[in-house]
Amino acid sequence: MKKILVVAEHRKGEIRPVTFEMLNLSSSIPGETTCVILGKDIGGMAEEISKKADRVIMVQHDSLENFNSELYWVALEEIIKEENPDIIALGHTAMGMELAPFISERIDAPLATDIVKIEEVNGKIHVHKYVFSNKILAELELRDSDTYVITIRQGEFKEEIDDKNGEIEERSFTPPGSISKRFIEYVEPEEVGVDISKADIIVSVGRGIEDEGNIELAEELAEALNGVVAGSRPVIDSGWLPKERQVGISGKTVKPKLYLALGISGAFQHIVGMKDSELIIAINRDPEAPIFQVAHYGVVGDIFDVVPELIERLKKG
Amino acid sequence: MHIAVGVKQVYDVDQIKIDPRTLEPVYDVPLKLDDLSRNALEEAIRIKEITGGKITVIILNGVKIGEAVKEALAMGGDEAKIILSEGGFLDTAITASAIAEVIKSLKDVDLVIFGHASVDTYTGQTGPRVAEILGVPVVTQVRELRVNDDVLTAIRDLEDSLEEVEIKLPCVITVTNEINEPRLPSLSQILGARKKPVEELELSDLGIDLERGIEILHNRAPRVERLKRIYRDDTDIAAREIISELKKEGII
């Protein structure tokens, strides 16, 4: 049995889903999970987490209300030393990725980031992660160590474990006298117009659309399907579609009945936001585009050939 | 202000093909300066335009280094430190130790900038590791940065929102691609880059433990499990069957 220490993630009073995915790790690596939650007024969240953890360690302090890697590390250091875990798990997120490399350096433990699978093979820890823009899946072996640090890709550890109803322990925290980093505020992206997360049919465009003028083609197809147009990050960054139409990690997560990906290569940041769609059809010129890994139907071809063909057939009925 | 920028040379991943027999990647593609390294460098140049100072470019690579360094100097780096390795995979812990050693030897660095992850291995570890080794704070995934004397204000990317944080110099920052539009050097800048000082250092001389971290067992294209049907070339058949599938699923 391994001792797995999970660092819970929450924001604005809500537990981030990646926390529960990390608690599911005990279905990949037989072990006992201890979940650490740091924050202010977190009793309710600790309660909720305790259902899926063997133990919960709760540290409350005003200074821990919002994530600050400088303070979070100080709070975690003592717990890590006392608990001496075999595996420390964090999310491959803005929070996890500001902490994990730091922890790895401090305790001199191997770190594997953005993993999609973990297993024990002949006493060694093996992990899988995507490299080269998601085209390649690498299998990595972690060098022998007392402790390993991992960050997990969101949406990959969904196999749910049984309820555990672990005990909650509270620990105290004294912040260091001087700190050089300060949280100021959350900045919310403006919300206006169409809510793509509620659409049943989404026609989504990527870099392959080539030019702002070609968005019209996607709109025509969306209209024929009675759906809405969305886009991947390069299209939003170019200003061809408004920010609220962005699908992916820095945009919206969507689960429509149909997701039609036009000229989207499928960076993982995008795939995380759409892979649970009921039916995914991808059209891309590059046969190795990672979008084909999540698609149900794939067309290797030019969207400027296929899309007009689809529109014509739809119009004919 | 003395700014150190850690840059990386990577394979052009858009061009990487897969060997259909072994499912392994074929590395017969050009090397280039990583996209987010350009953003990191561009941000350093913009800060230097306001505060004055110097930009030191630091790069660790095996064989065939050169173009990436020339490009970084042409964009606006003032000098470069190249850490030469024997090639092969190095764990990020080793890379970060080497870069941190070079920064320590420069003595007066105020700010270190990296891309938040590279397009090839996508570990996202180098910046925070270097910060820990140097004993300074880090802010990752920065998409907007303002400098007021020795305090930086940064807007950083969270998954579904943004946050504003304040951080004191010296510190490490890692940037996302939204932060700026990297400049293309002019011909005179490209020619001028040749005269800029470049120092080569051997990784093995830096006194770093090279047996750390993780080892790659294999790199292979993932097996596709979901795909029911893939169409190639014949758009007519593809369109016909997709429409009939949509009808069957009750979508149209």
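**Notebook: surface, cores and aromatic pairs in a two-chain model**

I began with the surface of chain B, which exposes about 11500 Å², with carbon and sulfur atoms supplying 48% of this area. I note here that the model is a predicted one. For chain A, I looked up the corresponding quantity and obtained an accessible surface of about 12500 Å², of which 43% belongs to carbon and sulfur atoms.

**Entry on chain B overall**

I recorded 6 helices and 15 strands for chain B. Its C-alpha atoms fill a box of roughly 65 × 40 × 40 Å along the principal axes. Of its 252 residues, 55% count as buried. I then examined the contacts in chain B between residues at least 6 apart in sequence, and 69% of them join residues at least 24 apart. For charge, I found 32 positive and 46 negative side chains in chain B, with the centres of the two sets 4 Å apart.

**Entry on chain A overall**

The secondary structure of chain A consists of 8 helices and 17 strands. I noted a box of roughly 70 × 45 × 35 Å for the C-alpha atoms of chain A, taken along the principal axes. Chain A has 317 residues, and 59% of them are buried. Among the contacts in chain A with a separation of 6 or more, 63% come from residues 24 or more positions apart. Chain A carries 35 positive and 57 negative side chains, and I found the centres of these two sets 1 Å apart.

**Entry on the nonpolar cores**

Which residues touch the most other members of the largest nonpolar core? I found them to be A:Leu25, A:Ile37, A:Ile49 and A:Ile118, in a core of 41 residues. Strand 9 of chain A, residues 136–142, gives this core its largest share, namely 4 residues. I followed A:Ile49 further: leaving aside residues up to four places away in sequence, A:Ile49 touches A:Ala8, A:Ile15, A:Thr19, A:Phe20, A:Leu23, A:Cys35, A:Ile37 and A:Val56. I also registered a second, separate core of 36 residues, which includes B:Ala72, B:Ala80, B:Leu84 and B:Cys171.

**Entry on aromatic pairs**

My search of the whole structure returned 6 aromatic pairs over all chains. One of them is formed by A:Phe268 and B:Tyr122, which stand edge-to-face at 5.6 Å centre to centre, with 80 degrees between the planes. This pair joins two chains, because A:Phe268 lies in helix 7 (residues 268–271) of chain A and B:Tyr122 in the loop between strand 8 (111–115) and helix 4 (126–134) of chain B. Are these two residues buried or exposed? I found both A:Phe268 and B:Tyr122 to be buried.

I next took B:Tyr11 and B:Tyr27, a tilted pair at 5.0 Å centre to centre with 35 degrees between the planes. B:Tyr11 belongs to strand 2 (residues 9–11) of chain B, and B:Tyr27 to the loop between strand 4 (25–26) and strand 5 (31–33), 16 residues apart. B:Tyr11 has 27% relative accessibility and so counts as partly exposed. B:Tyr27 is likewise partly exposed, at 33%. Together with A:Phe132, B:Tyr11 and B:Tyr27 form one aromatic cluster.

**Entry on B:Gln141**

I located B:Gln141 in strand 9 (residues 138–148) of chain B. Its relative accessibility is 16%, so B:Gln141 counts as buried, the cut-off being under 20%. Leaving out residues up to four places away in sequence, I listed the residues that B:Gln141 touches as A:Ala94, B:His116, B:Ile155, B:Arg156, B:Asp157, B:Thr174 and B:Thr176.

Methods: Residues are numbered from 1 along each chain as its sequence is written. Chains are lettered from A and ligands numbered from 1 in the order in which they are written. Side-chain values use heavy atoms; hydrogens and water are left out. Buried means under 20% relative accessible area, exposed over 50%, partly exposed in between (1.4 Å probe, protein chains only). Contact means heavy atoms within 4.5 Å. Accessible areas come from the Shrake-Rupley method with a 1.4 Å probe; for residues, only the protein chains shown count as cover. Lys and Arg count as positive and Asp and Glu as negative; His and the chain ends are not counted. The place of a charge is taken as NZ of Lys, CZ of Arg, CG of Asp or CD of Glu. A nonpolar core is a set of buried Ala, Val, Leu, Ile, Met, Phe, Trp, Tyr and Cys residues joined through side-chain atoms within 4.5 Å. Rings of Phe, Tyr and Trp (its six-membered ring) pair if their centres lie within 6.5 Å; planes under 30 degrees apart count as stacked, over 60 as edge-to-face and the rest as tilted.
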